[in-house]
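Trainee: I would like a close look at a single part of this model, namely the place where the two chains meet. Could you take me through that contact carefully, and then through the surroundings that help to place it?

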Amino acid sequence: MAGTGTAHLRQSSEALLQVTNLHVEFPAGGGRTVYAVSGISFDIAKGETLGLVGESGCGKSTTGRAILQLPKPTRGEVSLNGEDLTGVSDSVMRERRTDVQMIFQDPISSLNPRRTVGEVVAEPLNVWGPKNKDEQWAKVSKMLDAVGIDPDVARYKRPHEFSGGQCQRISIARALVLEPELIICDEPVSALDVSVQAQILNLLEDLKAEYGLTLVFIAHDLAVVKNISDRVAVMYLGKMCEISESDELYANPAHPYTQLLLESLPVPDPTVEIDEGVAAEGELPSPLSPPSGCRFRTRCPHADEICTEQEPIMRRVSGDHFVACHHPLIEVDDVAVSLTA
Amino acid sequence: MTNTADVRLGSDTSDTGPLLVVEDLRTHFIVPAGAVKAVDGVSLTLERGKTLGVVGESGSGKTILSRSIMGLNVVANAVTTGSVKYAGMELVGQSPKQMKHLWGVEMAMVFQDPMTSLNPVVKVGRQLTEHVRQHLGMGKADAKEVAVELLRSVRIPEPEARFDNYPHQMSGGMRQRVCIAIALACGPKMLFADEPTTALDVTVQHQILNLLAGQQRDRFMTMIMVTHDLGVVAGRTDDIAVMYAGKIVEKAPTKALFADMRHPYTQALLFSIPKTNQPKHTRLTAIAGRPPDLISPPPGCKFAPRCPYAQDRCREEEPVLRPADEFGHEFACHFPIGTPENEEAFQRNLDAEVPQTLAAAGRVQATDDLAALEHLVQVAKEGDH
């Protein structure tokens with residue numbers, strides 16, 4: 001889209017999480033408003049990984065946090081297992097958070113430096129799990145084992161004694177210890193070296209298979225997202241541009257923005273010619289006063305009057321591939337257009 | 001920019017032969033526990049107008065290498081030995097006062113973080129003119145003209161208006177453009193780009209890399225690009241040097257390197273990057289372990305503790321860079337990739353259940369802690385019984 005619409009949502013009974021028309025706005029002083037997220041809809045089936053990609057400032061992290069009601073979205077619906085989380089009381093929400101956990105970008109600062117690893121991973125259990133220390137340790141050591149950390153060695157050590165990759169494993173153990181259904185990973189590998197990044201991505205795939213997890217994977221690196229995701233949603237300035245099964249999205253991008261992102265990606269192969277024409281110029285406009293119509297039009301090579309006047313809505317390209325663009329790069333399915341009208 | 005070029009002609013450096021010859025360069029940081037051997041015997045030659053990519057993980061010494069060449073390691077506990085000849089001139093042992101005449105005019109650096117490498121309380125215009133006035137002795141009005149022209153050449157829209165901006169009024173990409181403009185201000189012949197795009201979005205990264213390539217062509221600069229991302233250097237460098245634990249382990253013309261990787265570390269680095277032409281959920285080949293302690297590195301090959309092919313010889317005898325073959329390909333390995341010895345070594349390690357070999361073969365999860373890896377192998381074995 002850089003537009004709105006819900007044509008791409010599947011039957012709600014299949015979805016573990018369904019986000020409909022999500023808006024997140026922040027006051028910015030002087031009576032102005034930051035439109036961080038403006039009408040995002042998506043759903044995730046159980047056991048699926050949804051990748052959210054886009055440049056910094058496109059609202060992908062805000063979307064992830066809004067699912068956990070941190071903060072509560074301005075408008076819209078977030079339904080987990082059919083229950084709308086935006087409407088529930090704070091105490092019910094606390095309980096629901098055991099089903100949805102989060103992994104953050106910076107593995108070192110997201111662990112309390114004064115606690116031992118045993119305490120850090122047991123912390124969620126202190127709130128919701130067994131209070132008996134032996135029972136807790138049984139769970140904690142099982143989790144640490146699962147993420148590739150020797151529990152007996154790590155138990156009394158503190159986070160600073162571990163490398164960045166090890167700390168990220170500990171954060172993952174902490175997120176898993178309550179056996180959540182959904183994990184929101186907010187740039188979990190951006191701060192890590194390529195070699196460690198590969199270890200963590202492999203680990204997430206293994207854990208997903210072992211514990212039947214559903215993941216929202218937020219990242220700006222398209223290659224990382226493609227590797228781990230079943231479906232990928234491309235975001236731009238608070239709107240969704242395109243959503244599709246990931247192999248299809250990378251093979252046949254329909255939105256000019258998706259194409260721009262893919263063409264900007266450095267390829268580790270010197271025989272591939274670098275096209276210096278793409279990504280010509282331009283940066284993300286301010287979310288304080290987003291452009292009218294399609295939000296991507298200020299940087300889009302195909303933009304014309306209709307893009308200024310009308311906001312594009314989600315239309316089907318094929319199968320599970322949807323795009324919000326007035327001038328998509330591949331033809332859209334007309335039947336689906338009438339369905340959304 | 002013509003006026004700065006005129007001034008540059010006045011420098012007394014010779015114009016023939018390679019621009020940069022580094023021989024056995026070592027930078028050690030003396031700390032209470034011993035000497036941190038950040039750069040430990042690096043030799044390289046760089047021809048004029050060429051681009052060298054220096055690649056490695058964090059802690060491989062790639063940043064310290066470029067800072068050592070430029071003489072920027074001014075901390076009291078840094079000891080640099082060896083030789084750096086820039087256009088025939090010896091740089092090791094020069095004081096910062098003497099180096100000052102080279103910085104900016106002959107060699108300049110673009111740093112990783114555009115958010116912190118600009119002074120936040122000084123307008124970007126003055127940060128540019130400061131350079132030109134100091135090094136080229138220009139007047140205020142001339143300097144401003146040059147600065148606006150520089151901002152335009154790095155494609156900053158409305159350069160006159162941007163001249164009066166503070167850094168916080170600009171986006172990350174714009175700030176990196178300003179940093180590049182500052183580096184280019186006095187027309188250096190040699191540009192160091194230290195992870196210039198790591199902090200930027202992929203679209204902005206593409207713009208900045210294109211800008212650097214264009215400026216390099218227009219100004220016939222020699223460039224060293226330091227990065228951890230093989231993708232960034234693949235299409236944009238003439239040669240690549242792969243660093244590990246302060247040493248160059250493989251060096252080759254870019255195309256030769258990618259076509260025929262010989263060092264297990266280079267191969268492991270490439271394999272661990274996810275690629276968009278692979279189907280989703282493709283299992284990545286991760287490298288187990290992490291770079292060694294640079295105070296007391298292991299004897300023998302520094303990569304041996306993590307290498308799936310390592311044999312006893314690797315743990316005892318340190319391999320040296322072999323002389324270049326016909327393609328200019330150098331590498332330091334006893335069991336290079338693509339040889340029967342390498343395949344035998346892998347099979348032997350697999351049979352002996354060496355943890356890092358099992359990890360490379362995907363039998364157990366690779367972790368960056370080798371002790372934890374042994375634990376995992378143990379767990380996997382117990383699972384089998």
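Mentor: What follows is a walk through the contact between the chains, then through the parts of each chain around it.

The model is a predicted one, and the values below are all computed from it. The size of an interface is often given as the accessible area lost when the parts come together. By that reckoning chain B and chain A bury about 4600 Å² between them, with 51% of this area on carbon and sulfur atoms. In terms of residues, chain B puts 55 into the contact and chain A puts in 59. Between the two chains there are 18 residue pairs in polar contact, with both residues at pLDDT 80 or more, and the count of salt bridges is 2. One of these salt bridges joins the side chains of Glu245(A) and Lys280(B), with an N to O distance of 2.6 Å.

On the side of chain B that touches chain A, at least two residues each are supplied by helix 7 (172-184), helix 8 (202-219), helix 9 (230-234), helix 10 (254-259), helix 11 (264-271) and helix 15 (370-384) of chain B. Helix 8 of chain B gives the most to this side, with 8 residues. Sorted by class, the side of chain B that touches chain A holds 19 nonpolar, 21 polar and 15 charged residues.

Helix 8 of chain B deserves a closer view, and Gln205(B) is a residue that lies in it. Gln205(B) counts as buried because its relative accessibility is 10%, where the cut-off for buried is under 20%. Leaving aside residues up to four places away in sequence, Gln205(B) touches Pro266(A) of the partner chain as well as Thr197(B), Leu200(B) and Val232(B) of its own chain. With Thr197(B) the link is also polar, in that the side chains of Gln205(B) and Thr197(B) are joined by a polar contact of 3.2 Å.

A backbone feature of chain B belongs beside this. Most residues other than glycine have a negative phi, and most peptide bonds are trans. His281(B), however, has a positive phi, near 60°, and its place is in the loop between helix 11 and helix 12 (312-316) of chain B. With a relative accessibility of 30%, His281(B) counts as partly exposed. Elsewhere in chain B, helix 2 (residues 62-70) has among its buried residues Leu65(B), Ile69(B) and Met70(B), together with Lys62(B). That helix is followed by Gly71(B), whose phi is likewise positive, near 75°. As for the division of chain B, the domain assignment gives domain 1 (2-243) and domain 2 (339-385), and the C-alpha centres of these two domains of chain B lie 42 Å apart.

Turning to chain A, its domain assignment gives domain 1 (1-99 + 180-316) and domain 2 (112-179), with C-alpha centres 30 Å apart. Between these two domains of chain A the buried area is about 1300 Å², of which 73% comes from carbon and sulfur atoms. The count of salt bridges between them is 0, while 2 residue pairs are in polar contact across this interface, both residues being at pLDDT 80 or more. Helix 2 (90-96) and helix 7 (194-211) of chain A are the elements that give two or more residues to the side of domain 1 that touches domain 2, and helix 7 of chain A gives the largest share, 7 residues. By class, this side of domain 1 of chain A has 11 nonpolar, 2 polar and 3 charged residues. In all, 16 residues of domain 1 of chain A are in contact with 15 residues of domain 2 of chain A.

Helix 3 (residues 117-128) of chain A has buried residues that include Val117(A), Val120(A), Val121(A) and Leu125(A), and the buried residues of this helix pack against helix 4 (133-146), helix 5 (151-154) and helix 6 (164-176) of chain A.

Two backbone features of chain A complete the account. Glu187(A) has a positive phi, near 50°, and sits in the loop between strand 7 (182-186) and helix 7 of chain A; Glu187(A) is buried, with a relative accessible area of 8%. The peptide bond from Leu70(A) to Pro71(A) is cis, with omega near -5°, and Pro71(A) has its place in the loop between helix 1 (60-67) and strand 4 (75-80) of chain A.

Key: Residues are numbered from 1 along each chain as its sequence is written. Chains are lettered from A and ligands numbered from 1 in the order in which they are written. This is a predicted model: local features need pLDDT of at least 70, side-chain atom pairs count only at pLDDT 80 or more; totals for chains, interfaces and linings use all residues. Side-chain values use heavy atoms; hydrogens and water are left out. Domain bounds come from an automatic or database domain assignment. Contact means heavy atoms within 4.5 Å. Buried area is the accessible area (1.4 Å probe) that two parts lose on being put together, summed over both. A salt bridge is a side-chain nitrogen of Lys or Arg within 4 Å of a carboxyl oxygen of Asp or Glu. A polar contact is a pair of N or O atoms within 3.5 Å; within protein, one must be able to donate a hydrogen and the other to accept it, and residues adjacent in sequence count only if both atoms are side-chain atoms. Helices (H or I, at least four residues) and strands (E, at least two) are DSSP runs, numbered from the N terminus. Ala, Val, Leu, Ile, Met, Phe, Trp, Tyr, Cys and Pro count as nonpolar, Asp, Glu, Lys and Arg as charged, and the others, Gly among them, as polar. Buried means under 20% relative accessible area, exposed over 50%, partly exposed in between (1.4 Å probe, protein chains only).
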